[in-house]
Amino acid sequence: MDSLVPNRTRENVEDVSSFAEDVEKFLELAKRKDGSLLEEKKKRREKASLTDKAARETTRKKEEVKEEEEEDVLLRERGNMHFRRGEYAEAEASYTKSLQGKETAAALSNRAMVRLKLGKAEACAKDCQRSVDLLLEEDEVGEATSKRDGLLVKTWQRKGTAEMEMKMYREAAASFENALRIEPESRTIREQRKAAVKEMAMIEVKDGEVELRARDFLAKRQRVSIEKKKELETPSPAAIVQTKRKEAMAKEEMKTTTMDIEKVRKAISKLDHDEEEIKTGPIFDKQWKIAATSSEKKCKILRAVRAENITKILAERLTGDLLGDIIVAILTHWITEDYANTSSNDDDDPVNWLTALTKTNRFSMASMLLSGEAKTNARESWNRCVQRLEKNKNMNSVALDRLEHLRANFRL
């Protein structure tokens, strides 16, 4: 019995010691776990702090960009105001300051216009080229495309004008051509292109004849060559051969120059005659669509259609509305006060044109389908035309009778 007590005590001591070791291990493990949790929490806190800092920095940058954009807009508006007042130097300064913040195609094009007014042609051309480059990099659709095309036309036109002032006629012609590709109906740009082509080819127009300065240059050079030849009393064989070679080269250059003159004449003829004869229905449709609501332009289109082609072109196209537009256009802009001087056999006789129109297959149907408004407009145009012609003392009764007979065919 006495020996059992020490054994049990020893076992209890060992159990307590083992328990203590387990407790120490548990505490150590807990400490490590708490340490890792604290470290992870610290990292999350630092990460959140960095995220907030980045977000604040992004917000700050956005606000700065917005402020800069607003300032650029104010500077451009100030530049526009100075330009309207004719204060070109101040306008240039405002546009330049706005471009320091952000380079935009509109601001560059506006500064180019100001520099053109100030006589800074080279700087204007550079601004235009940079503006064009920015516009062509844009990928716009819908209404934005129309706005961009409008700015492109203005910029190309300003660039061409600056290049004309710098006597860079070939580049100017190319700039005006680029503008016409976007806005082909612009008569102003077409005239500018025509002037550039003339200058590019070194053309002078005198007494209705087209001459090339190069021809005068070659003729002068030939005269100098002949004079030098006369000065040589006894020319050497080598000199004679060289002179003949020069004369042959001069003749060849003259031949080439003559060919260039013909090319220039053809080019000018093409530019001077924008309204060519219309021979097919699709071309008529395209030109008529371009004319839109302009009665005068429609009249020019009709005059480009020869009387013998009317039946072919309008056979499947003549409607009541089209017939009404044709009557108004011809009676208002073709049959004018000088109609008395037009022969009835003339190809440009509007009455012959209208007579040929009555022979198309769909004329009867189209005249019956004239709407009330179209018929009223046609009738009023006819009345005004007759009154205008009756005031002309040179107008004979035969011409008026032809018109009256034709009016009956149109049921007006």
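A salt bridge is a side-chain nitrogen of Lys or Arg within 4 Å of a carboxyl oxygen of Asp or Glu. With that in mind, take a look at Glu163 and Lys159: their closest N and O atoms are 2.5 Å apart, and the two residues form a salt bridge. Please remember as you read on that this is a predicted model.

## Salt bridges

Let us stay with that first pair for a moment. Glu163 and Lys159 sit in helix α5, which covers residues 143-165, and they are 4 residues apart, about one turn of the helix. Are these two residues buried or exposed? Both Glu163 and Lys159 are buried.

How many salt bridges does a search of the whole structure find? The search finds 13. Here are three of them, with the N to O distance for each.

| Salt bridge | N to O distance |
|---|---|
| Glu163 and Lys159 | 2.5 Å |
| Arg111 and Asp127 | 2.8 Å |
| Lys298 and Asp325 | 3.4 Å |

Now to the second row, where the side chains of Arg111 and Asp127 meet in a salt bridge. This pair links distant parts of the chain, for Arg111 belongs to helix α3 (residues 105-117) and Asp127 to helix α4 (residues 121-137), 16 residues apart. Arg111 is buried, and Asp127 is buried too.

The third row brings together the side chains of Lys298 and Asp325. Here, too, distant parts of the chain are linked: Lys298 lies in helix α11 (residues 295-303) and Asp325 in helix α13 (residues 320-334), 27 residues apart. Lys298 counts as buried because its relative accessibility is 10%, and the cut-off for buried is under 20%. Asp325 has 33% relative accessibility, so Asp325 counts as partly exposed.

Salt bridges can also share partners. In this way Glu92, Arg111, Arg115, Lys120 and Asp127 are joined into one network.

## Aromatic pairs

Next come the rings. The structure holds 5 aromatic pairs. One of them is formed by Phe284 and Trp288, which are stacked, with 5.3 Å from centre to centre and 25° between the planes. Why does this pair count as stacked? The angle between the planes is 25°, and planes under 30 degrees apart count as stacked.

Both Phe284 and Trp288 lie in helix α10 (residues 281-291), where they are 4 residues apart, about one turn of the helix. Phe284 has a relative accessibility of 3% and therefore counts as buried. Trp288 is also buried, with a relative accessible area of 13%.

Elsewhere in the model, ring pairs link Phe363, Trp382 and Phe410 into a cluster.

## A pocket

Let us turn to open space. The second largest pocket holds about 480 Å³. It is lined by 16 residues, and the closest to its centre are Ala105, Ala106, Leu135, Lys147 and Leu151. Which elements give two or more residues to the lining of this pocket? They are α3, α4 and α5. The largest share of the lining, 7 residues, comes from α5. You have met this helix already, as the home of Glu163 and Lys159.

## A patch on the surface

To finish, look at the outside. Met365, Met368 and Leu369 form a nonpolar patch on the surface, and together they have about 330 Å² of accessible area. One of these residues, Met365, lies in helix α15, which covers residues 363-368. Met365 counts as partly exposed because its relative accessibility is 47%, and partly exposed residues fall between the cut-offs of 20% and 50%.

Conventions: Residues numbered from 1 in each chain as written. Predicted model: local features only at pLDDT ≥ 70, side-chain atom pairs only at ≥ 80, totals over all residues. Heavy atoms only, no water. Patch = residues over 30% accessible without salt bridge, like charges linked within 9 Å, V, L, I, M, F, W, Y side chains within 5 Å. Areas by Shrake-Rupley, 256 points an atom, 1.4 Å probe, with all protein chains shown as cover. Buried < 20%, exposed > 50% of the residue type's maximum accessible area, 1.4 Å probe, protein only. Phe/Tyr/Trp six-rings, centres within 6.5 Å; stacked < 30°, edge-to-face > 60°. 1 Å grid on protein atoms, 1.4 Å probe; cavity = no way out; pocket = protein on both sides within 12 Å on 5 of 7 lines; lining within 4 Å. Points joined across faces, edges and corners; volume = space filled by probe spheres on them.
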